[in-house]
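Grab a coffee and work through these short exercises with the viewer open. Try each task yourself before reading its solution.

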Amino acid sequence: MLRRLFSNWAFRPEGNYAGRNLCGCNLAGYDLNHADFSGADLSGANLEGTNLSGANLSRATLRGSHLKGANLRDANLRSVILRRAIQAEADFSGAQLTRFPKSNNTYLGSTLFRGAILDYDEML
């Protein structure tokens, strides 16, 4: 099933979305394991319950996005921007969150970080 996001292209669960502007997109519940969103702008996107296990989100912007219940196991989140993101009950087990800016106003209620590699950069 395709969901129309923009007038000139249709979203497909498989594929490469590196560098795309996906601001405000509703991708809730999609199976996007191992998808490439490197450098993409997902600001304000609804990713609630989305399977992003093993996905490449390096250098992606998830400012104000909704990740409640999302599966981000083993995802690459190097240098990701998560400011004001809602991550309640998200699973970051085994994910690599390195060189990400220290976030203000990010909600982490019941978020799972088991085995995740965490490191933030105060200078970013």
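**Exercise 1. Fold layout**

In what order do the elements of the protein run from the N terminus on?

Solution. Keep in mind that this is a predicted model. Start by counting: there are zero helices and four strands. Reading from the N terminus, that gives β-β-β-β. Next, look at how the chain packs: 42% of the 124 residues count as buried. The protein exposes about 6,400 Å², and carbon and sulfur atoms supply 45% of that area. As for contacts between residues at least 6 apart in sequence, 3% of them join residues at least 24 apart.

**Exercise 2. How far to trust it**

Work out which element has the lowest mean pLDDT and which has the highest.

Solution. Begin with the whole chain: the average pLDDT is 81, and 74% of the residues score at least 70. Now go element by element. Strand β1 (residues 3–6) sits at the bottom with a mean of 40, while β3 comes out highest at 75. Then check the start of the chain, where pLDDT stays under 50 over residues 1–9. The model still has 22 contacts beyond four places in sequence for that stretch. Where pLDDT is low, the predicted coordinates should not be read in detail.

**Exercise 3. The aromatic pair**

Find out how the rings of Tyr17 and Phe37 are arranged, and where in the chain the two residues lie.

Solution. First, the count: there is one aromatic pair. Its ring centres, in Tyr17 and Phe37, are 5.5 Å apart and the planes meet at 20°. Planes under 30 degrees apart count as stacked, so Tyr17 and Phe37 are a stacked pair. Second, the location: both residues are in the loop between β2 (9–11) and β3 (96–101), 20 residues apart, and the pair links distant parts of the chain. Last, check the surface: Tyr17 and Phe37 are both buried.

**Exercise 4. Two cysteines**

Explain why Cys23 and Cys25 are not joined by a disulfide.

Solution. Take the distance first. The closest cysteine sulfur to that of Cys23 is in Cys25, 7.7 Å away, which is too far for a bond. A disulfide needs the sulfur atoms within 2.5 Å. The structure holds zero disulfides. Now compare accessibility: Cys23 is partly exposed at 35%, whereas Cys25 is buried at 4%.

**Exercise 5. Asn76 and its surroundings**

Is Asn76 buried or exposed, and which side chain does its own side chain make a polar contact with?

Solution. Place the residue: Asn76 lies in the loop between β2 and β3. Its relative accessible area is 19%, so Asn76 is buried, the cut-off being under 20%. The polar partner is the side chain of Asn56, at 3.5 Å. Beyond neighbours within four places in sequence, Asn76 touches Ala55, Asn56, Leu57, Ser58 and Gln96.

**Exercise 6. Ile117**

Describe where Ile117 sits and which residues it contacts.

Solution. Ile117 belongs to strand β4 (residues 117–121). With a relative accessible area of 45%, Ile117 is partly exposed. Leaving out neighbours within four places in sequence, the contacts of Ile117 are Ala95, Gln96, Leu97 and Thr98. To finish, compare sequence and space: Phe92 is 25 residues from Ile117 along the chain, and their C-alpha atoms are 9.3 Å apart.

How values were computed. Residues numbered from 1 in each chain as written. Predicted model: local features only at pLDDT ≥ 70, side-chain atom pairs only at ≥ 80, totals over all residues. Heavy atoms only, no water. Phe/Tyr/Trp six-rings, centres within 6.5 Å; stacked < 30°, edge-to-face > 60°. Buried < 20%, exposed > 50% of the residue type's maximum accessible area, 1.4 Å probe, protein only. Contact = heavy atoms within 4.5 Å. Areas by Shrake-Rupley, 256 points an atom, 1.4 Å probe, with all protein chains shown as cover. pLDDT = per-residue confidence, 0-100. Polar contact = N/O pair within 3.5 Å; in protein donor to acceptor, adjacent residues only side chain to side chain.
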